[in-house]
Amino acid sequence: MLHLNLFIFACGHHRAAWRHPDSTVERLGDISYYEELAQLAERGKFDAVFFADGASVDTVADGPRWFLEPLTAMSAMSRATRHIGLISTVSSTFYTPFHTARLMASLDHISHGRMGWNVVTSMFDAEARNHGYDAMPEHAWRYARAEEFVDAVIALWDSWTDDALLHDRGGDYAHPDRVRAIDHHGEHFRVDGPLTVPRMPQGHPVLFQAGASDQGRDLAARRAEAIYAVAYDMAAAQAYYRDIKRRVREAGRHDPVPIMPGLVTYVGSTEAEAQAKQRELDVLLPADASLRQLSTFTAQDCSQWELDAPVPKLPPMHEFKGPQGRYGTILRIIETEQPTVRQLLGRLAAGGGHCTMVGTPEQIADRMETWFRNEAADGFNLMPPSLPGSIEDFVDHVVPVLQRRGLFRTEYDASTLRGHLGLSRPDLKSS
Ligand SMILES: Cc1cc2nc3c(=O)[nH]c(=O)nc-3n(C[C@H](O)[C@H](O)[C@H](O)COP(=O)(O)O)c2cc1C
């Protein structure tokens, strides 16, 4: 079975979605908006909803980015839903293990076993400067801290056994031998433990990771129970998928570790209708600002480029001196899709390097199935260009096709996120 995850982001993942006359931009501070999105994903029988997170504000004029703190929002969303998993980013660079273990454990109790933690090492200097650093600590240091961080969090989650609570009104509340200090003394942290929160329904909330670097992939292979990936096309997805599954085997693990690449979809009853939905958002992009950004990405002056003409020829990869990842994506989009300038800007404005599928429900289900059957994906992290419209289209029209093909559940058969993802519970009894 496929896994489906809704990646909730502001008014949608298209940078101009908030400019649409029907956008939800006024509701971004209203918790009922997020509750309704989680309910919509639950109607579609999705495995989970996911919040990314960042800790700085850059340009505010371009549109919304962060608003409610994700764990706070998820506390409320858990009360508005019954089955769907709730996954949030928490940064190992800025939080402490005790704080993270406690928040996640509390939310796992509140949600009755539906929490997941996407562990990230964060990226931007502006975030670092909100947390006592002058700039972002270097990559290797961040990953070393992340490894130790995860170890300490797991030790804290294990500091109460499953059978520690006795509730013996005439005797002990909890068994003293079943609640243990962890006495963690590492390079980055000292944590005595035990945690203040008794053992949670899932044993451990599910650990997600989305690192792309060698160190990120190693951390994922050793520790992650599920993975978010970035793949522009099936070939890139397969290369990542096979690499991670190999690293997981080499780490001596037998867990399934489902891999979910990001996916942007525009669904229409005809191909033309789907393309019209894409164009409806693309035309909302302010041309000047987008061309300025494209000039930065390509190290060219793009300011005079004709919006509805094909993209002019760009220098090959080996002649480009700037950041390679984004430029490589731009060259691949041009090569495979031959877009107009406006279409290229639209593609970059919705999901960037993630895969985009535009078409009828059957066409999109066909492509998802091909990825699923060919070691490219175990599921997808859906990044709707506009919210709630694009995810309503997906739930109402693509999910039924996937269900008819036996690729996706028609009812929940589990009550925890672990259960939805086919992951076992780490049991911890006293004997
Ligand atoms: C779907 C997805 C969600 C992510 N969410 C966050 C996030 O919320 N916060 C963050 O700082 N980084 C986030 N990242 C970035 C990654 O976790 C990681 O930092 C990035 O891929 C760079 O990885 P690397 O340092 O291993 O190359 C996300 C990446 C992906 C693919």
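**Reading burial, strands and domains in a predicted model**

Biologist: Is Ile182 buried or exposed, and why?

Modeller: Ile182 is buried because 21 other C-beta atoms lie within 10 Å. A residue is called buried if 20 or more other C-beta atoms lie within 10 Å of its own, exposed if 12 or fewer, and partly exposed in between, with C-beta atoms placed from the backbone. This is a predicted model, in which local features need pLDDT of at least 70 and side-chain atom pairs count only at pLDDT 80 or more, while totals for chains, interfaces and linings use all residues. Residues are numbered from 1 along each chain as its sequence is written.

Biologist: Where is Ile182 found, and which residues does Ile182 touch?

Modeller: Ile182 sits in the loop between helix 5 (139–157) and strand 5 (184–185); helices (H or I, at least four residues) and strands (E, at least two) are DSSP runs, numbered from the N terminus. Contact requires C-beta atoms, placed from the backbone, within 7 Å. Leaving aside residues up to four places away in sequence, Ile182 touches Ala155, Leu156, Ser159, Val191, Asp192, Gly193 and Pro194. The C-alpha atoms of Ile182 and Trp157, 25 residues apart along the chain, are separated by 9.9 Å.

Biologist: What is the peptide bond from Gly193 to Pro194?

Modeller: That bond is cis, with omega near -10°, and Pro194 lies in the loop between strand 6 (190–191) and strand 7. A cis peptide bond also joins Leu387 and Pro388, with omega about 0°. Pro388 is in the loop between strand 11 (379–382) and helix 13 (389–404).

Biologist: Which residue in the loop between helix 5 and strand 5 has a positive phi?

Modeller: His167, in that loop, has a positive phi of about 50° although it is not a glycine. His167 is exposed, because 8 other C-beta atoms lie within 10 Å. Val257 likewise is not a glycine and has a positive phi, of about 40°, but Val257 is buried, with 23 other C-beta atoms within 10 Å. Val257 lies in the loop between helix 7 (234–250) and strand 9 (259–267).

Biologist: How should strand 4 be read?

Modeller: Two strands pair if DSSP finds at least two bridges between them. Six bridges join strand 3 (residues 85–91) to strand 4, and these strands run parallel; Leu86 stands opposite Met115 in strand 4. From strand 3 the chain passes through helix 3 (residues 97–110) to strand 4, a right-handed β-α-β crossover: with the strands pointing away from the viewer, the path from the first strand over the helix to the second runs clockwise. Strand 4 also pairs in the parallel sense with strand 7 (residues 206–209) over four bridges, where Gly116 stands opposite Val206. Both faces of strand 4 are covered: Met115, Trp117 and Val119 on one side, and Gly116, Asn118 and Val120 on the other, are all buried.

Biologist: Which residues come nearest to the ligand?

Modeller: Of the 20 residues around the ligand (C-beta atom, placed from the backbone, within 6 Å of it), Ala52, Thr89, Gly211, Ser213 and Gly216 come nearest. Strand 4 (115–120) and helix 6 (214–223) are the elements that give two or more residues to this shell.

Biologist: How far apart do the C-alpha centres of domain 1 and domain 2 lie?

Modeller: The centres are 30 Å apart. Contact between the domains takes 18 residues from domain 1 and 16 residues from domain 2. The bounds, from an automatic or database domain assignment, are 3–266 + 360–388 + 407–421 for domain 1 and 270–354 for domain 2.

Definitions and conventions:
Contact = placed C-beta atoms within 7 Å.
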